[in-house]
Amino acid sequence: MHKTARVLAVVLVALAASAAVVAPPSRAAATSLSGSWSGSYSGTFRGTFTLHWRQAGSKLTGTISLNGARGVPLTGVVSGASIRFGTVGSVAVTYTGKVSGSSMSGRYRTPSGTGSWSAHRGS
């Protein structure tokens, strides 16, 4: 290998290594979802709901109140922008979706049908 080519290769490797060290992380830490969220759902079923979350790492626990009724327990997980949660009890309802800042949205599935949902963080 020619001496100039060798020097150029060493410089390029050094530049690449220093860029990797000082490059900012590609994904910022997720904001906690803990607190109250209000939303609506449509599809097979329609209405409004309120979520009350407690987040510990990627785990979610809390309640969902549909159309002002008594809260039903929920458990779930959040990974990056993806969220998945469901009711705990006799009627299995699962929710999947994406979180973006103070809003989230996605799809729900029940034994009787499917639809969409969206929610925003309460004030």
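This passage walks through a predicted model, starting with its confidence and overall fold and ending with the core.

The average pLDDT of the protein is 79, and 75% of the residues reach at least 70. The front end is another story: over residues 1-29 the pLDDT stays under 50. For that stretch, the model has just two contacts beyond four places in sequence.

As for the fold, eight strands make up a closed barrel, in the order E1-E2-E3-E4-E5-E6-E7-E8, and the pairing is antiparallel. Going from one strand to the next, the twist averages 30°.

The second half of the barrel can be followed pair by pair. E4 and E5 run antiparallel and are joined by six bridges. One of the residue pairs here is Thr 75 with Gly 86, the latter being its bridge partner in E5. Next along, E5 pairs with E6, again in the antiparallel sense, over five bridges. Arg 84 faces Thr 96 of E6 across this pairing. The two strands form a hairpin with six residues between them, and Gly 89 has a positive phi there, near 145°.

E6 in turn pairs with E7 over seven bridges, in the antiparallel sense. Two residue pairs help to locate this pairing on screen: Tyr 95 has Tyr 108 of E7 as its bridge partner, and Val 99 stands opposite Met 104, also in E7. Two residues lie between the strands of this hairpin, and Gly 101 in the turn takes a positive phi of about 65°. E7 and E8 then run antiparallel with eight bridges joining them. Gly 106 is matched with Trp 117, its bridge partner in E8. Here too the strands form a hairpin, with two residues between them.

Gly 86 deserves a closer look. This glycine sits in strand E5. Is Gly 86 buried or exposed? Its relative accessible area is 11%, under the 20% cut-off, so Gly 86 counts as buried. Setting aside neighbours within four places in sequence, its contacts are Pro 73, Leu 74, Thr 75, Val 93, Thr 94 and Tyr 95. Thr 75 is thus both a contact of Gly 86 and its bridge partner. Gly 86 is also 10.0 Å from Thr 110, C-alpha to C-alpha, with 24 residues separating the two in sequence.

That leaves the core. In soluble globular proteins, nonpolar side chains tend to be buried together. In this model, the largest nonpolar core has 19 residues. Which of them touch the most other members? They are Leu 33, Leu 51, Trp 53, Ile 83, Phe 85, Met 104 and Trp 117. Each of the eight strands, E1 (35-43), E2 (47-56), E3 (59-66), E4 (72-79), E5 (82-87), E6 (94-100), E7 (103-110) and E8 (113-121), supplies at least two residues of this core. The largest share, three residues, comes from E2.

Leu 51 gives a view of the surroundings of one such core residue. Leaving out neighbours within four places in sequence, Leu 51 is in contact with Gly 35, Ser 36, Trp 37, Thr 63, Ile 64, Leu 74 and Phe 85. Phe 85 is, like Leu 51, among the core members that touch the most others. Leu 74 appears both in this list and among the contacts of Gly 86. Met 104 and Trp 117, also listed among those core members, have already come up in the strand pairings, opposite Val 99 and as the partner of Gly 106.

Key: Residues numbered from 1 in each chain as written. Predicted model: local features only at pLDDT ≥ 70, side-chain atom pairs only at ≥ 80, totals over all residues. Heavy atoms only, no water. Core = buried A, V, L, I, M, F, W, Y, C linked by side-chain atoms within 4.5 Å. Buried < 20%, exposed > 50% of the residue type's maximum accessible area, 1.4 Å probe, protein only. Helix = DSSP H or I, 4+ residues; strand = E, 2+ residues; numbered from the N terminus. Contact = heavy atoms within 4.5 Å. Pairing = 2+ DSSP bridges. pLDDT = per-residue confidence, 0-100. Axes fitted to C-alpha atoms, helices over the stretch in contact; angles between N-to-C directions.
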